[in-house]
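Student: Could we go through this model together, with the charged pairs to begin with and the pockets after that?
Tutor: Gladly; let us have it on screen.

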Amino acid sequence: MVSGELFGERMKDDQELRLLADEEGSPTHEAAVVYDGGCPFCCWYVEHLADMNGLQKVDARLHVNVVRQLDRAHIDIDRDMALFDQGQLYKGAEALCRLARRQTNGHGVSRVLRQLFRWRPLASLFYPLLRLLRITYLKLSGRATVHAIHGIGVGPARGADNSETDNKS
């Protein structure tokens, strides 16, 4: 869990981030999931969350400033999905588990996944496998990572401000 400040005060001057918060920094939706829209597995899963009231779906490939904000919160969208829920930010297996717990219905595979992922130990066990599947697919299909598309470096290790350079001679 990460502080919910990500979608609060720091967003006021950022037009694109108003997807997630209004001008006062209050969330525009009860919850928001940020995912990689270039990953068919991520898209399928998020599409099957359609029945969840108050859930906003944010494709990180379309919103560079959301990616930068996640980087500032030390969440690498190329490694983890993110969930903003009830004023808190969650990533990876914890986000997957909380999404499953929020989901109230579903059919077939969606229902089975909901039942599996609502248990934190199972979500923690499966999430690294799902991440590996996603990374492998993106590499084999020749798709760029979210950070590469936006040209902002590689995740939170570099932070959201890539203007820092080493000027040693």
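Student: How many salt bridges are there?
Tutor: The count comes to seven salt bridges, and please keep in mind that this is a predicted model, with side-chain atom pairs counted only at pLDDT 80 or more.

Student: Which residue forms a salt bridge with D36?
Tutor: The partner of D36 is R134, and the closest N and O atoms of the two are 2.5 Å apart. D36 sits in the loop between β1 (31-35) and α1 (40-47), whereas R134 belongs to helix α5 (residues 120-141), so this salt bridge ties together parts that are 98 residues apart in sequence.

Student: And is D36 buried or exposed?
Tutor: D36 is buried, and R134 is buried as well.

Student: What about E94, which residues does its side chain meet in salt bridges?
Tutor: One of its partners is R98, with 2.9 Å from N to O, and another is R120, with 2.7 Å from N to O. The pair of E94 and R120 links distant parts of the chain, since E94 is in helix α3 and R120 in helix α5, 26 residues apart. R98 and E94, by contrast, are both in helix α3 (residues 92-102), where being four residues apart means that about one helical turn separates them.

Student: How accessible are R98 and R120, then?
Tutor: R98 has 26% relative accessibility and therefore counts as partly exposed, and R120, at 35% relative accessibility, counts as partly exposed too.

Student: Going back to D36, which residues are joined with it into one network?
Tutor: Salt bridges that share partners join D36 with R61, D78 and R134 into one network.

Student: OK, pockets now. How much space lies in the largest pocket?
Tutor: The largest pocket holds about 340 Å³ of space. Its lining is made of 18 residues, and those closest to its centre are F41, C42, Y45, M81 and L130.

Student: Which elements give two or more residues to that lining?
Tutor: Those elements are α1, α4 (109-117) and α5, and α5 gives the most, with five residues.

Student: What does the lining of the largest pocket look like by class?
Tutor: By class there are 13 nonpolar and five charged residues in the lining of the largest pocket, and no polar ones.

Student: And the second largest pocket, how much space is there?
Tutor: About 200 Å³ of space lies in the second largest pocket. It is lined by 13 residues, of which D78, R134, I135, K139 and T145 are the closest to its centre, and you will recognise D78 and R134 from the salt-bridge network.

Student: Where does the largest share of that lining come from?
Tutor: The largest share of the lining of the second largest pocket is four residues from α5, while α5 and α6 (146-150) each supply at least two residues. By class, this lining has four nonpolar, three polar and six charged residues.

Student: Last topic, the strands. How do β3 and β4 pair?
Tutor: Strand β3 (residues 82-85) and strand β4 (residues 88-91) pair in the antiparallel sense over four bridges, and among the bridge partners is K91 in β4, which is matched with A82.

Student: What does Q86 do in that hairpin?
Tutor: The hairpin of β3 and β4 has two residues between the strands, and Q86 takes a positive phi near 50° there.

Conventions. Residues are numbered from 1 along each chain as its sequence is written. This is a predicted model: local features need pLDDT of at least 70, side-chain atom pairs count only at pLDDT 80 or more; totals for chains, interfaces and linings use all residues. Side-chain values use heavy atoms; hydrogens and water are left out. A salt bridge is a side-chain nitrogen of Lys or Arg within 4 Å of a carboxyl oxygen of Asp or Glu. Buried means under 20% relative accessible area, exposed over 50%, partly exposed in between (1.4 Å probe, protein chains only). On a 1 Å grid over the protein atoms alone, a cavity is a set of points where a 1.4 Å probe fits but cannot get out, and a pocket is an open set with protein on both sides within 12 Å along at least five of seven lines; lining residues have an atom within 4 Å of a point. Grid points are joined across faces, edges and corners, and a volume is the space filled by probe spheres set on the points. Ala, Val, Leu, Ile, Met, Phe, Trp, Tyr, Cys and Pro count as nonpolar, Asp, Glu, Lys and Arg as charged, and the others, Gly among them, as polar. Two strands pair if DSSP finds at least two bridges between them.
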